[in-house]
Amino acid sequence: MRILRRFIIGIVITALPILSWAAKSECVQCHEKVTPGIVKQYMEGAMAKNAHLDCSICHGADHKSMTDYKMAKMPTTETCKTCHQEKVEQYKKGKHNLAWFGMKSQVAWHSIPASIGKDGYRGCSGCHKMGEKGLVGAAQGNMGAISHDGGKEASEYRYGNAQCDACHTRHSFSKKEAQDPRACSNCHMGFDHPQYEMYTSSKHGIIWGIDGNKSDGRAPTCQKCHISNGDHEVVTSWGFLGLRIPTKENVLALIKVAPSLEKQLTSLAAALPSGHYVDVDDDPEWTFNRALILQAAGVIDANLQPTKRFVEIVAQGRAARGPDEFNTLRAKMKKTCNECHSKDYVNDFFKASDTTIKEVDAVYAKAIAAVQGLYKDGILAKPKGWEYGPDLLQYYYTKSGIEQDLYLIMLEHRQRTFQGAFHVSNDYMHWYGWAPTNETVTRILEEAKRMREEFEAKQKK
Ligand code: HEC
Ligand code: HEC
Ligand code: HEC
Ligand code: HEC
Ligand code: HEC
Ligand code: HEC
Ligand code: HEC
Ligand code: HEC
């Protein structure tokens, strides 16, 4: 029925292109000579083969000759939406749509040469172009809900506004390709998010490989767990950074641990949601350790109050969830696991995996506290133009070896610990995650001690 409806909509919208198809459209006739590869791939895809839709449904019909090709339009999700409304609406609600906004929210990105981070779609922009351009947030003074510039930023780029082609690459636009975990692997790999490597080294991925890369086999694919039933709203409970918004109750419980901060904590709690995270331990010490991490990322300030970065990255960019959304997503994920595993098996899995975040945060917090101490005592000075020190979001532009190490734990080792746990990759979780976290923290503590002694010796002279 859906396909039939889409087909009818397609006919209404593109009556002309379809009629001219039987005789091969002008676009196709000429492009068989100009770009034969594109024509071949498109003709083998479902939109040409089954629905006989012409090139002009996406590129318009203004360009007709060998020389006026700058008149050809490049599609956006709005173009796809005329026929695939439901998929586009789901997509817009999920995290992928925020990828461009998220990239730009990073202070370090603004220091990266354009050819490395922005132009030509390699590096950051190559992976993040699947996000929508033109979303307006705190950087442009909008502290409320995210808004849109109406196409201004997108118009600065001739290419790279199609988004959907991240998984359904042109010009096949295939469903089967998008159902394969390899379709995710150009982005979800490597340094800070090696989900593809973790998956392929887990029993799930291994069985997928042995059984011939089937999307509906004995073992789940990425899509089975993250795009279940074709729902394009892609988002998880903990997200990329293993963050969650602390609850009112979490923060008020800290007053007992740190009574001197009562005023700040009460004020912070007033801005937070109430509730409880399913499976997650409410230990106040963990809340405190996470506060240090958020401080080092400049998301809350020295007085524990939310900053502009909190608004831009956490609220508008949705880097962390509140309890209601977290619990809903968790329940949905468990339901998928429950198709092949028992409820208790799955509950044990999640309790243990969530607790890896607690353990790794406790180790990491020691290193952060040590570096914060160096700033407080004047042993490290805040570089000119920086708002925070230490600042994890300066990435590899930090000015000292000790802060480079601190950043590596944040983006590489800590990530792999919990991402490896969730993706059932024992090696990533332990030897590429937990082990280097501990090694690096030891190095940081030793270096902090050395710097402090050197500083004190200089003061004495
Ligand atoms: C008479 C030949 C001819 C016809 C007819 C034609 N094109 Fe083209 N088209 C070209 C040439 C030549 C180029 C440039 C190719 C190149 O740079 O290698 C081009 C480029 C394009 C581009 C890429 C533009 C860019 O800036 O990268 C698109 C998209 C395109 N054509 C779509 C269409 C569509 C849709 C139609 C039918 C409405 C069509 N073409 C009809 C010859 C033609
Ligand atoms: C004019 C209507 C129309 C537009 C515009 C359109 N599509 Fe389609 N699309 C269809 C129809 C109809 C089908 C079903 C074809 C069939 O019957 O198999 C389809 C099928 C698909 C499929 C499934 C292919 C498969 O292998 O089963 C994908 C993926 C897809 N479209 C992506 C896109 C994307 C991405 C865009 C925008 C860049 C887009 N479509 C624009 C009408 C359209
Ligand atoms: C072109 C690169 C690219 C491809 C291909 C891609 N992703 Fe993503 N994905 C991203 C980026 C970038 C983000 C982070 C978006 C943001 O900034 O919020 C992301 C976010 C996610 C998230 C959300 C994590 C969270 O924060 O909760 C999941 C889950 C995800 N992707 C799964 C997939 C799956 C499954 C596939 C393949 C079917 C896939 N992605 C294909 C780049 C990609
Ligand atoms: C379902 C939508 C859709 C249809 C139909 C479609 N294209 Fe495209 N086309 C795209 C997308 C998406 C891009 C990438 C645009 C970008 O990067 O912004 C693209 C880019 C192009 C480009 C320039 C980029 C490159 O790889 O060289 C050419 C040339 C082109 N299309 C030709 C054609 C021709 C010829 C046809 C018909 C045989 C056709 N297109 C049909 C969606 C479509
Ligand atoms: C992260 C990868 C990814 C991106 C990006 C993506 N899709 Fe898909 N798409 C999939 C997967 C996986 C399926 C197969 C779902 C299933 O198993 O039913 C699919 C299926 C489809 C289908 C076929 C539906 C059917 O059952 O016939 C259409 C149409 C489609 N997508 C359109 C889009 C459009 C439009 C966009 C852009 C808004 C988009 N997709 C972006 C992964 C993606
Ligand atoms: C068996 C189900 C399953 C499979 C298969 C799977 N994931 Fe996940 N994924 C999860 C779970 C569970 C989480 C953590 C969810 C949470 O936060 O509660 C997760 C989290 C994520 C995240 C957020 C960051 C993180 O790693 O914790 C991304 C991105 C992601 N997965 C992408 C992928 C990609 C890409 C693939 C395939 C290469 C994949 N996943 C395969 C279950 C799966
Ligand atoms: C190889 C592809 C790739 C490159 C290169 C890349 N990213 Fe990402 N980025 C991703 C993926 C995939 C995710 C989602 C991972 C996850 O959820 O585990 C992501 C997540 C993010 C997030 C987190 C969004 C959130 O809300 O959770 C930010 C911010 C970000 N990237 C910024 C950048 C910046 C800035 C650069 C360049 C310095 C960059 N990325 C380079 C693929 C990439
Ligand atoms: C489509 C079926 C399917 C789904 C869905 C599924 N799994 Fe599995 N899982 C399997 C199979 C098959 C195995 C291999 C069984 C064995 O080790 O004997 C497996 C193994 C495991 C293992 C043991 C791996 C090892 O190295 O011993 C864990 C843990 C696991 N799954 C967790 C999960 C979680 C958590 C989810 C949901 C996020 C999930 N699975 C979803 C089929 C599935």
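These are my notes on three ligand sites, one helix and one buried glutamine in a predicted model.

**Entry 1: iron of ligand 6**

I began with the iron atom of ligand 6 and looked up its protein donors. They are His226 and His423, each through NE2, at 2.0 Å. I then checked the geometry. The iron atom of ligand 6 has six donor atoms, the angles among them run from 85 to 179°, and the site is octahedral. For reference, I noted that six octahedral donors would ideally give 90 or 180 degrees.

Where do histidine 226 and histidine 423 lie? I found histidine 226 in helix α16, residues 222–226, and histidine 423 in the loop between α23 (401–422) and α24 (426–460). The two are 197 residues apart in sequence, so the pair ties together distant parts of the sequence.

I also asked whether histidine 226 is buried or exposed. Its relative accessibility is 29%, so I entered histidine 226 as partly exposed. Histidine 423 has a relative accessible area of 22% and is partly exposed.

**Entry 2: shell of ligand 6**

I counted 22 residues around ligand 6, of which Cys222, Cys225, His226, Trp238 and His423 come nearest. Next I listed polar side-chain pairs. Glutamine 195 has a polar side-chain atom 2.9 Å from an oxygen atom of ligand 6. For histidine 226, a side-chain N or O atom is 2.7 Å from a nitrogen atom of the ligand. The corresponding value for histidine 423, again to a nitrogen atom of ligand 6, is 2.8 Å. The elements that contribute two or more residues to this shell are α14 (195–200), α16, α21 (323–337) and α23.

**Entry 3: glutamine 415**

Staying with α23, I looked up glutamine 415, which is placed in that helix. Is glutamine 415 buried or exposed? Its relative accessibility is 0%, so it counts as buried. Leaving out residues up to four places away in sequence, I found that glutamine 415 touches Asp192, Phe240, Leu241, Ile409, Met410 and Gly420.

**Entry 4: ligand 5**

Around ligand 5 I found 19 residues, and those that come nearest are Cys164, Cys167, His168, Gln179 and His232. Histidine 168 places a polar side-chain atom 2.8 Å from a nitrogen atom of ligand 5. Histidine 232 likewise has a polar side-chain atom 2.8 Å from a nitrogen atom of ligand 5. The side chain of glutamine 179 has an N or O atom 2.9 Å from an oxygen atom of the ligand. Two or more residues of the shell come from each of α1 (2–13), α8 and α13 (175–178). Which of these elements gives the largest share? It is α8, with three residues.

**Entry 5: helix α8**

That led me to α8 itself, residues 85–93, where the buried residues are Val88, Gln90 and Tyr91. They span an arc of only 160° around the axis, so they sit on the same side of α8. I then looked for what they pack against and found α7 (77–81).

**Entry 6: iron of ligand 1**

Last, I looked up the iron atom of ligand 1. Its protein donors are His31 and His63, both through NE2, lying 2.0 Å from it. The six donor atoms subtend angles of 82 to 178°, and I therefore recorded the arrangement as octahedral. Histidine 31 is in helix α3 (residues 26–34), while histidine 63 is in the loop between α6 (56–59) and α7, so the pair ties together parts 32 residues apart in sequence. Histidine 31 is partly exposed at 26% relative accessibility, and histidine 63 is partly exposed at 23%.

Conventions
Residues are numbered from 1 along each chain as its sequence is written. Chains are lettered from A and ligands numbered from 1 in the order in which they are written. This is a predicted model: local features need pLDDT of at least 70, side-chain atom pairs count only at pLDDT 80 or more; totals for chains, interfaces and linings use all residues. Side-chain values use heavy atoms; hydrogens and water are left out. Donors are N, O and S atoms within 2.8 Å of the metal (3.2 Å for Na, K and Ca); water is not among the atoms, so sites may look incomplete. Four donors count as tetrahedral if all angles lie between 85 and 135 degrees; four count as square planar and six as octahedral if opposite donors are over 155 degrees apart and all others between 65 and 115; anything else is irregular. Helices (H or I, at least four residues) and strands (E, at least two) are DSSP runs, numbered from the N terminus. Buried means under 20% relative accessible area, exposed over 50%, partly exposed in between (1.4 Å probe, protein chains only). Contact means heavy atoms within 4.5 Å. The arc is that of the directions from the helix axis to the C-beta atoms. A residue is near a molecule or strand if one of its heavy atoms lies within 4 Å of it. A polar contact is a pair of N or O atoms within 3.5 Å; within protein, one must be able to donate a hydrogen and the other to accept it, and residues adjacent in sequence count only if both atoms are side-chain atoms.
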